[in-house]
Amino acid sequence: DVQYTDIDYMERNLDFTISPKFAGLPDLINKIKAEGMRFIIILDPGISGNETDYPAFSRGVDKDVFIKRPDTNEILYSKVWSFLPNIEIDESLPHEEVVEKFAAHCAFPDFFRNSTAEWWKNEILEVYNNPNASKSLKFDGLWIDMNEPAVFIHGAMGGCRNDLLNNPPYMPHLGSRSEGLAYKSLCMEAQQYLADGTPVRHFDVHNLYGWSQTKISLEALQAATNERGIVVTRSTYPSSGRWAGHWLGDNTAAWNQLHKSIIGTCQEKRSCNPGIMEWFGNFLGLFCSLVFPNGLTWCFHLSQALQPSFSNNTLLFQRQDPAVWDERFHEISRNVLNIRYTLLPYLYTLLFDAHAHGSTVVRPLLHEFVEDRETWDMDEQFLWGPALLISPVLKQDDQSVIAYFPNARWYDYHTNTDTGFRGQFQNLSAPLEHINLHVRGGYILPWQTPANTTAFSRKNPMGLTVALDDALFAEGHLYWDDGVRIGT
């Protein structure tokens, strides 16, 4: 159970700092950890070059960690909105006028370089082990963002200087083709160096930028905490899942995106452990809103409580936590969270299998029933591993769902009864408080009595749900460890 914090905790959005408004954050983290929960902080790769006294930047210059211009060997500064407080950007002005008036500049670390890895690790250790308790953040995980790499203004201070690299003959469909490949990113001619000293253009390694930051972030985290920890990264590349999880980006509280979340999670699981983080809109829970006639926005869509990562944010919008709603919603929240917590041993085992063998956690029906053509284009239902079928409501006001049951024996999770459905579609009742879950015959699901947090849940009695197939056979397995040690 994790509380995470976005860039708001920083002083003027500067990595490795704490805003005076968040002076109580170290004590809050310690309190949360004492209650068996965890804490994740965010770090962006862009390091401000505008400060008069910013040790992270000064030490980075000394260590020669930043991406440079190839022609002058000077640091290539990207343009960002000013970090100065009380500045309002007049977006009605022409773009270049806005840039000249309000742009600050930041440098991007070259994470391929050994010197950068050492510097990044030391900066993270400095935050964790700061002898000043008011500046020491005892985090458990790192959330690395904006590492496509991304900026809000295109290119660099002084402009990009290689038109062929920034505007190649074939231009992919970006946010703006007229801005070229530097659209909200770095100039493509920027100079980087591989670990062995080989020079490369940013053009050639752009898609590897987040990948290059991921492994060293995990190493830094583990060096600080001496625990396994977790890194969640926005930009990934094949093999990123060895070191980090991934989320689907900044999503809107819209019904069509609830559907897309299933598609995205199934796709992203091929390369890393995915999750979903809702972002825009006044709503509670993850990634959806259920709007009732009285205008009250109810959320917490049950299907999203069964994604690998189940999260909610409150940035810019009204409070969205379950406590702000009424007793009916409290009861619904408790019930669905109890299902999630009960099944955590099964989910944890699936995550270990993914780590050890490259298998999938959330998977489309196709992965289990590849010979059944009905499953080939199904993206409104999904499975946990091979054994748990989840059939969510994806349309506003619907009180039922059309679910497909491939050719197997299926038991209702809530009643343990054999449904008799196989190789057919069924119209299932789906009132707000109910999510349709079915257990596949032939499998054993480990479970545990739920508690308020995972830390307390893990101390509770465990059990097995044994779902026999047509031959009266079932099998399963459980992976269990202390959840923190490195290398188990």
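**Exercise 1. How many disulfides does the count come to?**

Work out the number in this predicted model, then place the cysteines involved.

*Solution.* Start with the sulfur atoms: a pair counts when they lie within 2.5 Å. By this rule the count comes to one disulfide. It joins C160 to C187, with an S to S distance of 2.1 Å.

Next, take the handedness. The torsion about the S-S bond of C160 and C187 is about -85°, so this disulfide is left-handed.

Now for the location. C160 sits in the loop between β6 and α5 (163-166), while C187 sits in the loop between α5 and β7 (191-193), so the pair ties together parts that are 27 residues apart in sequence.

Finally, check the exposure of each end. C160 comes out at 33% relative accessible area, which makes it partly exposed, whereas C187 is buried at 0%. Two other cysteines to look at are C106, buried at 3%, and C266, buried at 11%.

**Exercise 2. Find the largest nonpolar core and list the residues with the most contacts inside it.**

*Solution.* The largest nonpolar core has 55 residues, and F16, L137 and F139 have the most contacts inside it. Then ask which elements feed it: among those supplying at least two residues each are helices α1 (25-34), α4 (114-129) and α7 (209-225), along with strands β2 (38-43) and β9 (230-233).

Zoom in on F139. Skip residues up to four places away in sequence, and F139 touches F39, I41, I124, V127, Y128, L221 and T225. Apart from this core lies another one, of 25 residues, including W384, I390, L394 and I435.

To set the scene for the whole chain, buried residues make up 50% of its 488 residues, and the secondary structure comes to 11 helices and 24 strands.

**Exercise 3. Describe how helices α9 and α10 cross, and name the residues making the contact.**

*Solution.* Get the geometry down: the axes of α9 (residues 327-342) and α10 (residues 344-357) come within 5 Å and cross at roughly 50°. That angle makes α9 oblique to α10.

Then pick out the contact residues. From α9 you want R340, Y341 and T342, and from α10 you want L344, P345 and L347. Sorted by character, the residues of this contact divide into four nonpolar, one polar and one charged.

**Exercise 4. Is S429 buried or exposed, and which residues is it in contact with?**

*Solution.* S429 belongs to strand β21 (residues 424-429). Its relative accessibility is 52%, and the cut-off for exposed is over 50%, so S429 counts as exposed.

Leave aside neighbours within four places in sequence, and S429 is in contact with Q399, S400, H434 and N436. Try V401 as well: S429 and V401 are 28 residues apart in sequence but 6.6 Å apart in space, C-alpha to C-alpha.

**Exercise 5. Track down the backbone oddities at P149, R12 and D64.**

*Solution.* Begin with omega: the peptide bond from E148 to P149 is cis, with omega near 0°. P149 is in the loop between β6 and α5.

Move on to phi. R12 isn't a glycine, yet its phi is positive at about 50°. You'll find R12 in the loop between β1 (2-5) and α1, partly exposed at 29% relative accessibility.

D64 is another non-glycine residue with a positive phi, near 60°. D64 lies in the loop between α2 and β4 (77-81) and is partly exposed, with a relative accessible area of 29%.

Conventions:
Residues are numbered from 1 along each chain as its sequence is written. This is a predicted model: local features need pLDDT of at least 70, side-chain atom pairs count only at pLDDT 80 or more; totals for chains, interfaces and linings use all residues. Side-chain values use heavy atoms; hydrogens and water are left out. A nonpolar core is a set of buried Ala, Val, Leu, Ile, Met, Phe, Trp, Tyr and Cys residues joined through side-chain atoms within 4.5 Å. Buried means under 20% relative accessible area, exposed over 50%, partly exposed in between (1.4 Å probe, protein chains only). Helices (H or I, at least four residues) and strands (E, at least two) are DSSP runs, numbered from the N terminus. Contact means heavy atoms within 4.5 Å. Axes are lines fitted to C-alpha atoms, for helices over the stretch in contact, and angles run from 0 to 180 degrees between N-to-C directions. Angles under 35 degrees count as roughly parallel, over 145 as roughly antiparallel, 65 to 115 as roughly perpendicular and the rest as oblique. Ala, Val, Leu, Ile, Met, Phe, Trp, Tyr, Cys and Pro count as nonpolar, Asp, Glu, Lys and Arg as charged, and the others, Gly among them, as polar.
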